[in-house]
Amino acid sequence: MTEEIRRKTEYALSLIASGDSRGVDELYLCMGRVMMFIARSVTGDNFTAEEVVQDSLLKVVRGISGYKKGTNAYAWVCRVVKNTALSAAEKIRPDASLEDFHALSDGGGEEEKSAARLTVEKLISSLYPPELGRMIFMKYFMDMTVREIAAELGKSKSYVAKQIVKAEQQMRGMLKD
């Protein structure tokens, strides 16, 4: 990300904060492609991703008071989009399995990818309670922080951190067997 994008994003948010509707257009011009990329990455669907971007713009406008001027405006907007997309994805596929996320591994050939994918799916689906698998998926495949996972699940940070350590230990044990 360049300094120019940061500056433009900060400017767009300052326009929105002052009630100037041009801020939404500025924000979309500056970050629309990034917003769409994030939304599509999470939802896996172009149509849903477009709705997520629109909903995210509304959330930015409504929640502009939650943004502290001078902090990372770009990251703040990205977080709004990611959280909106996660909520939308959960509504689309509340019982989504890891099979839906077909690009989890970076193996060379298709056979390597399939074997790695099956191993990852087996490890995560073997975790007990199932909430552990969801936490691991959020941390490692969605690059969410412990704080973000805790907020998403409505749990404390310390609880999530301890559960992730527990899940990692369980997976290590399974790999040894």
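**Notes on an all-helix model**

1. Let's begin with Ser 126, which counts as partly exposed because its relative accessibility is 37%. Please keep in mind as you read that this is a predicted model. Ser 126 belongs to helix H5. Its C-alpha atom is separated by 8.8 Å from that of Met 174, although the two residues are 48 apart along the chain.

2. Stepping back to the overall layout, the protein has 8 helices and 0 strands. Read from the N terminus, the order of elements is α-α-α-α-α-α-α-α. Of the 177 residues in the protein, 37% are buried.

3. Now for the interior. The largest nonpolar core holds 46 residues, and the members that touch the most others are Leu 13, Leu 27, Met 31, Trp 76, Val 77 and Ile 149. Two or more residues of this core come from each of helix H1 (3-17), H2, H3, helix H4 (73-92), helix H5 (110-126), helix H6 (130-140), helix H7 (146-153) and helix H8 (157-176). H4 provides the largest share, with 11 residues. As background, nonpolar side chains in soluble globular proteins tend to be buried together.

4. A peptide bond worth a look when you have the structure open is the one between Tyr 128 and Pro 129: this bond is cis, with omega at about -5 degrees. Pro 129 sits in the loop that lies between H5 and H6. For context, most peptide bonds are trans.

5. On the surface, which residues gather in a patch of negative charge? They are Asp 45, Glu 50, Glu 51 and Asp 55. Asp 45 lies in the loop between helix H2 (22-43) and helix H3 (46-62), while Glu 50 is part of helix H3.

6. Are these two patch members, Asp 45 and Glu 50, buried or partly exposed? Asp 45 counts as partly exposed because its relative accessibility is 31%. A residue needs over 30% relative accessible area to join a patch, so Asp 45 passes that cut-off with its 31%. Glu 50 is also partly exposed, with a relative accessible area of 45%.

7. One last pair to check in your viewer involves Glu 50 again. The C-alpha atoms of Glu 50 and Met 36 are separated by 6.7 Å, and these residues are 14 apart along the chain.

Methods. Residues are numbered from 1 along each chain as its sequence is written. This is a predicted model: local features need pLDDT of at least 70, side-chain atom pairs count only at pLDDT 80 or more; totals for chains, interfaces and linings use all residues. Side-chain values use heavy atoms; hydrogens and water are left out. Patches are made of residues with over 30% relative accessible area and no salt bridge: like charges are joined within 9 Å, nonpolar side chains (Val, Leu, Ile, Met, Phe, Trp, Tyr) within 5 Å. Accessible areas come from the Shrake-Rupley method with a 1.4 Å probe; for residues, only the protein chains shown count as cover. A salt bridge is a side-chain nitrogen of Lys or Arg within 4 Å of a carboxyl oxygen of Asp or Glu. Lys and Arg count as positive and Asp and Glu as negative; His and the chain ends are not counted. The place of a charge is taken as NZ of Lys, CZ of Arg, CG of Asp or CD of Glu. Helices (H or I, at least four residues) and strands (E, at least two) are DSSP runs, numbered from the N terminus. Buried means under 20% relative accessible area, exposed over 50%, partly exposed in between (1.4 Å probe, protein chains only). A nonpolar core is a set of buried Ala, Val, Leu, Ile, Met, Phe, Trp, Tyr and Cys residues joined through side-chain atoms within 4.5 Å.
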